[in-house]
Amino acid sequence: MTTATGIQVTLPRNGGRRGMTWDVSELREDDKVPAPKYRHAAPSAPWPWMDFDQDVADVLPLSPGAHEPWSRYPQSHFGNWTPDQVQRCRMLTICKDQYMCQIHKVDVLADGLFDRPDENERTREIPSDPTAAREFWDELQGPLDSSLRVRALFIENITLNVLQILGARYDIEPFFFASSANWIPSRYQENPHDAKGDHITVVLPFIRTVNNEQERFSPTPSNETRYPPEKGPAPITDTKQTINTQAPLVLSDKKILLQDLLAIHMVRSTTENIIISYHHQSNLQKTTARRLQSLVQRTGDSVYWQKLYGRSKDPTFVFLAILWYALYAWDEALEVLYAHLSEQLESTDVTTHLKHTRELHKLQAHLLYYQQLLRDFCKSVEFVRDTHNPAMDHESISDVERESSKLLLIQESNTLVAEIRRLETQRQIQSDRLKNAMALAFSTVNIEDSRSMQDLTKATMRDSAAMKQISYLTMIFLPASYLSSVFGMNVAEINPGTLESLASYVESTVILTAVTIWVVVALQEHSTFHPGRSSVLKRIAWPAFYAYDMIRSMVAARKTQSSQRAIIP
């Protein structure tokens, strides 16, 4: 289908791999986490998703026509986002219009307590037809109930209309949807106004542990076409031991470490505070909107967090509570990884099994990548801590409340930062254990190689002794061989009546030996009879040059002796 902004959207076909396994090296492109393109992460980038070799410098205006108020988003609100750029960033093409969009909400009341409606009232289902989209648009136009401090929307199976409606209604920078679609870690503030409000965005990849079990399908005939199948991941294998930090890490205890994503955008103002959590679908088991919504709802049952919500009117505390989910996931992932690493180091001799040696290198590559993700996590929390909420400067909030809320936010953010640094310490310890194990493996291999070389040297010495014995035997028989050769010569002095003489034999032998020595020395590039890198002509005439050098050396030696004699009285 083609959207009002000229974007070609191809709807994915429904289907999966039932009763099969996924190999890490064979995952489809839609299930792979792409390498992040950081230059497209924030609104400060002046050329979003541009291809300098193809895109023109001019930004074309929107084509005229009768469209819904939201259908031209993002170019209607952000003119530099042309159709080509929107197509390239995939923010619209990943929408799932063949499924029912579900929006799960959490409402925090003005006094800090959580509203507890029925389950049906917490979830809003929006079909992909135009009528439902128009109703949803009209519903968002009304003001937020004054009794609410924050409304959090957790969106599952987002459709094209819902994405454009939210973007147009809350004036959301397209970078939020583009970074989420492309797994680009980002954090930024936009549209700040003194004493009124702003927008903040955090897109945070993190690592989570999931069970590597058989696929679980539970669609019913009545809703199979309206909802995606509720399933866990099909069993994932890694037969090729692929070293790819963007791929799931398969562990030995029926667990996998899967890269997940928190994509949160918050509108902070004096009139309404909206949190949008974006969850796009994957064949792998990512965190669902319903799951995150239920966890955030349960923070209202925590005595500690109830006191926080009651002591501060800043809605940013709800945003901060969502980030704690990533910390819990990281903590569990490193715990499972520690057990897997201990099993690998204790159960197998890495020096004799190449497969397990490669497994250790794969673990080390993932641990190095996790270091980068944890740093992004820490920076995201520090960003939330240091980005002041302009709405808290409104005249309705006293200076005492404002200062108390600020200190409280700094305190809770620092607590989360300290936990992240603890995770980084655990990651570093595991990385050091791997380095130590691999260093031990290499040292062991070197020691074994040294022993092999020692044995080889001993064998060579034994062979040399045997050859020496053979040489001794040859020397014993050499006189007898020489005499037998001499007495067998066909010369007149030994065998009368022959034509040759012993003098002819000596002459031929001396000449042939001299020619052989001359040819051998001439063919050598490096020899004591001529300097290195000598020309071919000089090597051929080496006897003359050698004799000349010998004579010159003798003359020089005589001159030196004469000088010494003249000096000594």
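A residue is taken as exposed when its relative accessible area is over 50% and as buried when that area is under 20%. By this criterion Leu 537, at 68% relative accessibility, counts as exposed in the predicted model described here. Leu 537 belongs to helix H12, which spans residues 536-540, and its C-alpha atom is separated by 9.2 Å from that of Ala 522, a residue 15 positions away along the chain.

The chain as a whole comprises 569 residues, of which 43% count as buried, and contains 13 helices together with 10 strands. Where contacts join residues at least 6 apart in sequence, 75% of them link residues at least 24 apart. The area exposed by the chain is about 30900 Å², and 56% of this area is supplied by carbon and sulfur atoms.

Helix H3, formed by the 12 residues 130-141, extends 17 Å from its first C-alpha to its last, a span close to the 16 Å expected at 1.5 Å a residue. The N-terminal end of H3 is capped by Asp 129, a side-chain oxygen of which lies 3.2 Å from the backbone nitrogen of Thr 131. Within H3, the residues Ala 132, Ala 133, Phe 136, Trp 137 and Leu 140 are buried. Viewed down the axis of H3, these buried residues fall within an arc of 140° and therefore line one face of the helix. Their packing partners are strand S2 (101-109), strand S3 (123-126) and helix H4 (160-169).

Helix H5, residues 174-181, is mostly covered, with eight of its eight residues buried. The buried residues comprise Pro 174, the three phenylalanines Phe 175, Phe 176 and Phe 177, and then Ala 178, Ser 179, Ser 180 and Ala 181. The elements against which the buried residues of H5 pack include two helices, H1 (83-89) and H4, as well as the strands S5 (186-193), S6 (197-211), S9 (255-269) and S10 (274-279). H5 is followed by Trp 183, the phi of which is positive, near 55°.

Two residues of H5, Phe 176 and Phe 177, also take part in an aromatic cluster that is completed by Tyr 73, Phe 78 and Tyr 278. Phe 176 is, in addition, among the residues touched by Thr 201, which has its place in strand S6. Thr 201 counts as buried, at 0% relative accessibility, and its side chain makes a polar contact of 2.6 Å with the side chain of His 265. When residues up to four places away in sequence are not counted, Thr 201 touches Ser 186, Arg 187, Tyr 188, Glu 190, Ile 264 and Phe 383 in addition to Phe 176 and His 265.

The structure holds 12 aromatic pairs. In one of these, the ring centres of Trp 542 and Tyr 546 are 6.5 Å apart and the ring planes stand at 65°, so the pair is edge-to-face, the angle required for this class being over 60 degrees. Trp 542 and Tyr 546 lie four residues apart in helix H13 (residues 542-567) and are thus separated by about one helical turn. The two residues are assigned to separate accessibility classes, Trp 542 being buried with a relative accessible area of 8%, whereas Tyr 546, with a relative accessible area of 30%, is partly exposed.

Several backbone features deserve separate mention. Most residues other than glycine have a negative phi, and most peptide bonds are trans. The peptide bond leading from Tyr 73 to Pro 74, however, is cis, with omega near 10°; Pro 74 is found in the loop between strand S1 (22-23) and H1, while Tyr 73 is a member of the aromatic cluster noted above. The loop between S1 and H1 also holds Trp 49, which has a positive phi of about 50° although it is not a glycine. Trp 49 counts as buried, at 2% relative accessibility. A positive phi, near 50°, is likewise found at Asn 191, which is located in strand S5 and which, at 36% relative accessibility, counts as partly exposed.

Key: Residues are numbered from 1 along each chain as its sequence is written. This is a predicted model: local features need pLDDT of at least 70, side-chain atom pairs count only at pLDDT 80 or more; totals for chains, interfaces and linings use all residues. Side-chain values use heavy atoms; hydrogens and water are left out. The expected span of a helix is 1.5 Å times one less than its number of residues. Buried means under 20% relative accessible area, exposed over 50%, partly exposed in between (1.4 Å probe, protein chains only). The arc is that of the directions from the helix axis to the C-beta atoms. Contact means heavy atoms within 4.5 Å. A polar contact is a pair of N or O atoms within 3.5 Å; within protein, one must be able to donate a hydrogen and the other to accept it, and residues adjacent in sequence count only if both atoms are side-chain atoms. Accessible areas come from the Shrake-Rupley method with a 1.4 Å probe; for residues, only the protein chains shown count as cover. Rings of Phe, Tyr and Trp (its six-membered ring) pair if their centres lie within 6.5 Å; planes under 30 degrees apart count as stacked, over 60 as edge-to-face and the rest as tilted.
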